[in-house]
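Please read the following report alongside the sequence and the coordinates. It takes up backbone geometry, the sheet, the metal site and the aromatic rings in turn.

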Amino acid sequence: MTVREILSIGHPLLRTPALEVAPEEIASERVQGIVDDLIDTMRHADGAGLAANQIGETCRIVVLEVNGNPRYPYKPSIPLTVAINPQLEVRGDETVVVNEGCLSAPLRGEVERFVNVGVSYYERDGTHRCINARGLTAGTWQHECDHLDGTLFVDRADLSTLSTWEEFERHHRDAFIERISRFVAESNR
Ligand code: ZN
């Protein structure tokens, strides 16, 4: 397992749609190595998720994990999840505005995300799974799956809300955390 370099906005591979992993390739050393590196790199950077494009691998693999994350203290926990060829299906039209960050961009900004999504994917052992994700966790899935299509959160953000992390902390953090904590508590998500 290796902590890999995380590509920054402007790198062409972040804009390159990733290719599906053939099911018979999931067990290969190459794919399993990418999964290990994604987990290591995400944890090292305190990310809530990481997509393969972000370490320069254009295959459709994302990892997610939230467990008392210092970057996003308001996010409900997500157990370590490895998703190969994730397919996202929006359920309903309810949305929430989330202030997001990304390990590939030194900014935060507000993005409107769907509150309920279904996701189907392969686990690293080849098991096929279908899950429902709600609330901020649904937003995290949308952010990570966007990466696989070469889309960054800034493409979807209200540009007038873009902020450095420092200015977010100084001017916007408290109001956002208050609003989003209410959303998380009300909906238990
Ligand atoms: Zn990201």
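A residue is called buried when its relative accessible area is under 20%, exposed when that area is over 50%, and partly exposed in between. The model discussed here is a predicted one.

**Two residues with positive phi**

With a relative accessibility of 35%, D46 falls between those two limits and therefore counts as partly exposed. D46 sits in the loop that lies between α1 and β1, and its phi is positive, at about 55 degrees, although D46 is not a glycine. Most residues other than glycine have a negative phi. A second case is N85, whose phi is also positive and near 55 degrees in a residue that is not glycine. N85, however, belongs to strand β3, and because its relative accessibility is 8%, it counts as buried.

The table sets out the two residues.

| Residue | Phi | Location | Relative accessibility |
|---|---|---|---|
| D46 | about 55 degrees | loop between α1 and β1 | 35%, partly exposed |
| N85 | near 55 degrees | strand β3 | 8%, buried |

**The five-stranded sheet and helix α1**

An open sheet of 5 strands is arranged in the order β1-β2-β3-β6-β7, and its pairing is antiparallel. The edges are formed by β1 (49-51) and β7 (128-134), each of which has a single partner strand, so one side of each remains without a neighbour in the sheet. On average, and with direction ignored, neighbouring strands of this sheet are turned by 40 degrees against each other. Within the sheet, strand β3 (residues 78-90) runs antiparallel to strand β6 (residues 116-122), and the two are joined by 5 bridges. V90 has V117, a residue of β6, as its bridge partner.

Helix α1 (residues 29-44) packs on this sheet, where it touches β1, β2 (61-66) and β3, and the direction of the helix makes about 35 degrees with that of β2. The helix consists of 16 residues and reaches 22 Å from its first C-alpha to its last, close to the 22 Å expected at 1.5 Å a residue. Its buried residues are V31, Q32, I34, V35, D37, L38, I39, T41 and M42, and what covers the buried residues of α1 includes β1, β2 and β3.

How accessible is M42, a residue of helix α1? Its relative accessibility is 0%, and M42 therefore counts as buried. When residues up to four places away in sequence are not counted, M42 touches G47, A48, G49, L50, V63, L64, E65 and L80. The C-alpha atom of M42 is also separated by 8.8 Å from that of L103, although the two residues are 61 places apart along the chain.

**Strands β4, β5 and β8**

Further strand pairing involves β4 and strand β5 (residues 105-114), which are antiparallel and share 8 bridges. A hairpin connects β4 to β5 through 2 residues, and the bridge partner of V96 is R113 in β5. Strand β5 also pairs in the antiparallel sense with strand β8 (residues 163-164), over 2 bridges, with T164 of β8 serving as the bridge partner of L107.

**The zinc site**

Which protein atoms act as donors to the zinc ion? They are SG of C102, NE2 of H143 and NE2 of H147, and they lie 2.1 to 2.3 Å from the ion. Along the chain these donors follow the spacing C-x40-H-x3-H. C102 lies in strand β4 (residues 95-102), whereas H147 lies in helix α2 (residues 135-148), so this pair ties together parts that are 45 residues apart in sequence. Both C102 and H147 are buried.

**Aromatic rings**

A search of the whole structure returns 5 aromatic pairs. In one of them, Y72 and Y74, the ring centres are 6.4 Å apart and the ring planes stand at 85 degrees, so the pair is edge-to-face, given that an angle over 60 degrees counts as such. Both Y72 and Y74 are buried. These two tyrosines belong to one aromatic cluster that is formed by Y72, Y74, W165, F168 and F176.

Terms used:
Residues are numbered from 1 along each chain as its sequence is written. This is a predicted model: local features need pLDDT of at least 70, side-chain atom pairs count only at pLDDT 80 or more; totals for chains, interfaces and linings use all residues. Side-chain values use heavy atoms; hydrogens and water are left out. Two strands pair if DSSP finds at least two bridges between them. Helices (H or I, at least four residues) and strands (E, at least two) are DSSP runs, numbered from the N terminus. Axes are lines fitted to C-alpha atoms, for helices over the stretch in contact, and angles run from 0 to 180 degrees between N-to-C directions. Contact means heavy atoms within 4.5 Å. Donors are N, O and S atoms within 2.8 Å of the metal (3.2 Å for Na, K and Ca); water is not among the atoms, so sites may look incomplete. Buried means under 20% relative accessible area, exposed over 50%, partly exposed in between (1.4 Å probe, protein chains only). The expected span of a helix is 1.5 Å times one less than its number of residues. Rings of Phe, Tyr and Trp (its six-membered ring) pair if their centres lie within 6.5 Å; planes under 30 degrees apart count as stacked, over 60 as edge-to-face and the rest as tilted.
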